[in-house]
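This report goes through one protein chain, from its overall layout to selected residues. The sequence and the model come first.

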Amino acid sequence: MHFYQIRSVNKHEKKGIIPITLLSKDYPESLLNTEIPPLVLYCKGNISLLKEKTFGIVGSRKSLPLSINVAKNYATALSKSGYALVTGIAEGVDATVLKSALESDGKPISIIAGGFDNIYPSANKDLLEKVIAKGLAISEYPPETVPKPYQFPVRNRIIAGLSKGVLIVSGGIKSGTLYTAEYAEE
C-alpha cells in the first residue's frame with residue numbers, strides 16, 4: 001500500500017468510515033453484476049449487512065398518507081421476516097422505511113447521495129445516526145462531497161443493485177423513484 005493510500009484510509013477511519021472497493025472481499029456481489037458498479041462504497045455501520053438478504057422500498061418525498069402507510073406496513077413485515085431494508089434518506093417514504101425498520105428491530109440500510117460530511121436533507125441527520133448505530137449507511141462519494149441533483153438518480157442504482165426485490169410505493173412522472181424502478185428492471 002502506498003503512503004497516500006494509507007493516509008486516505010486513516011482519514012476515513014477517524015470518521016468511522018469503512019471504504020470498500022471493487023476488489024474487496026466485502027464488496028457485494030449483487031453490485032458487481034450491475035452495469036456500472038461503484039468503485040468505492042464508503043460505509044458507516046455494520047458492513048456485514050452487505051451479505052444479508054435485502055429488499056428495497058422507495059417512494060416519493062411528498063407521498064400521500066396512504067403511501068406512507070403502505071411503506072410502513074411492508075417495511076415492518078419485511079423487517080420481521082429478516083430482510084435488511086434498503087432505501088435513501090429523504091423525507092416521506094425513505095424516512096418511513098428507516099423508522100419502521102428501526103422500530104421493529106430490523107436492519108436498515110440507507111444509501112445517501114453525497115458524502116457523510118454533507119447529509120441531505122440535513123433534517124434527517126439524527127435519523128441517519130440511528131441507522132448507522134443499528135444498520136448501515138453507504139455513499140459512493142468521499143465524505144466531503146456536497147450532493148448535486150444528478151447524484152440522487154445515480155444513487156438509486158445502488159439501492160436497486162443491493163436489493164433482491166424493490167417495492168415502489170409511490171412516484172410522480174419526474175420522480176427519482178422511476179430511476180430505481182428502471183435500475184431494478186435491468
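The protein chain has 7 helices and 7 strands, where helices (H or I, at least four residues) and strands (E, at least two) are DSSP runs, numbered from the N terminus. Their order along the sequence is α-β-α-β-β-α-β-α-β-α-β-α-β-α. The model is predicted: local features need pLDDT of at least 70, side-chain atom pairs count only at pLDDT 80 or more, and totals for chains, interfaces and linings use all residues. Residues are numbered from 1 along each chain as its sequence is written, and side-chain values use heavy atoms, with hydrogens and water left out.

Of the 186 residues in the protein chain, 47% are buried. Buried means under 20% relative accessible area, exposed means over 50%, and partly exposed lies in between (1.4 Å probe, protein chains only). Among contacts with a separation of 6 or more, 72% are between residues 24 or more positions apart; a contact means heavy atoms within 4.5 Å.

**Helix 4 and its surroundings**

Helix 4 covers residues 93-103. In this helix 9 of the 11 residues are buried, so helix 4 is largely enclosed by the rest of the structure. The buried residues are Val93, Asp94, Ala95, Thr96, Val97, Leu98, Ser100, Ala101 and Leu102. They pack against strand 3, helix 3 (65-80), strand 4 (84-87), strand 5 and helix 5. Asp105, which follows helix 4, has a positive phi, near 50 degrees.

One of these partners, helix 5 (residues 125-134), has an axis that comes within 10 Å of the axis of helix 4, and the two cross at roughly 40 degrees. Axes here are lines fitted to C-alpha atoms, for helices over the stretch in contact, and angles run from 0 to 180 degrees between N-to-C directions. Helix 4 and helix 5 are therefore oblique to each other, given that angles under 35 degrees count as roughly parallel, over 145 as roughly antiparallel, 65 to 115 as roughly perpendicular and the rest as oblique. The crossing of helix 4 and helix 5 is left-handed, meaning that the near helix is turned anticlockwise from the far one by less than a right angle.

Helix 4 contributes Ala95, Leu98, Lys99 and Leu102 to this contact, and helix 5 contributes Leu127, Lys130, Val131 and Lys134. An α-helix has 3.6 residues a turn, so residues three or four places apart point the same way. Sorted by class, the contact of helix 4 with helix 5 holds 5 nonpolar, no polar and 3 charged residues. In this scheme Ala, Val, Leu, Ile, Met, Phe, Trp, Tyr, Cys and Pro are nonpolar, Asp, Glu, Lys and Arg are charged, and the others, Gly among them, are polar.

**Two buried residues**

Ala90 sits in the loop between strand 4 and helix 4. It is buried, with a relative accessible area of 16%. Beyond its neighbours within four places in sequence, Ala90 is in contact with Arg61, Ala95, Pro121 and Asn124. Ala90 and Asn124 are 34 residues apart along the chain, and their C-alpha atoms are separated by 7.5 Å.

Gly56 belongs to strand 3 (residues 54-58). With 0% relative accessibility, Gly56 counts as buried. Apart from its neighbours within four places in sequence, Gly56 is in contact with Val86, Ser163, Gly165, Val166 and Leu167. The C-alpha atoms of Gly56 and Leu78 are separated by 10.0 Å, with their positions 22 residues apart along the chain.

**Salt bridges**

The whole structure contains 3 salt bridges. A salt bridge is a side-chain nitrogen of Lys or Arg within 4 Å of a carboxyl oxygen of Asp or Glu.

| Pair | N to O distance |
|---|---|
| Lys25 and Asp26 | 3.5 Å |
| Glu52 and Lys107 | 2.8 Å |
| Arg157 and Glu140 | 2.7 Å |

Glu52 lies in the loop between strand 2 (40-45) and strand 3, and Lys107 in strand 5 (residues 107-111), so the pair ties together parts that are 55 residues apart in sequence. Glu52 is partly exposed at 28% relative accessibility, and Lys107 is partly exposed at 23%.

The pair of Arg157 and Glu140 links distant parts of the chain, 17 residues apart: Arg157 is in helix 6 (residues 151-162), and Glu140 is in the loop between strand 6 (136-139) and helix 6. Both Arg157 and Glu140 are buried.

In the remaining pair, Lys25 is exposed, with a relative accessible area of 70%, whereas Asp26 is partly exposed, with 23%.
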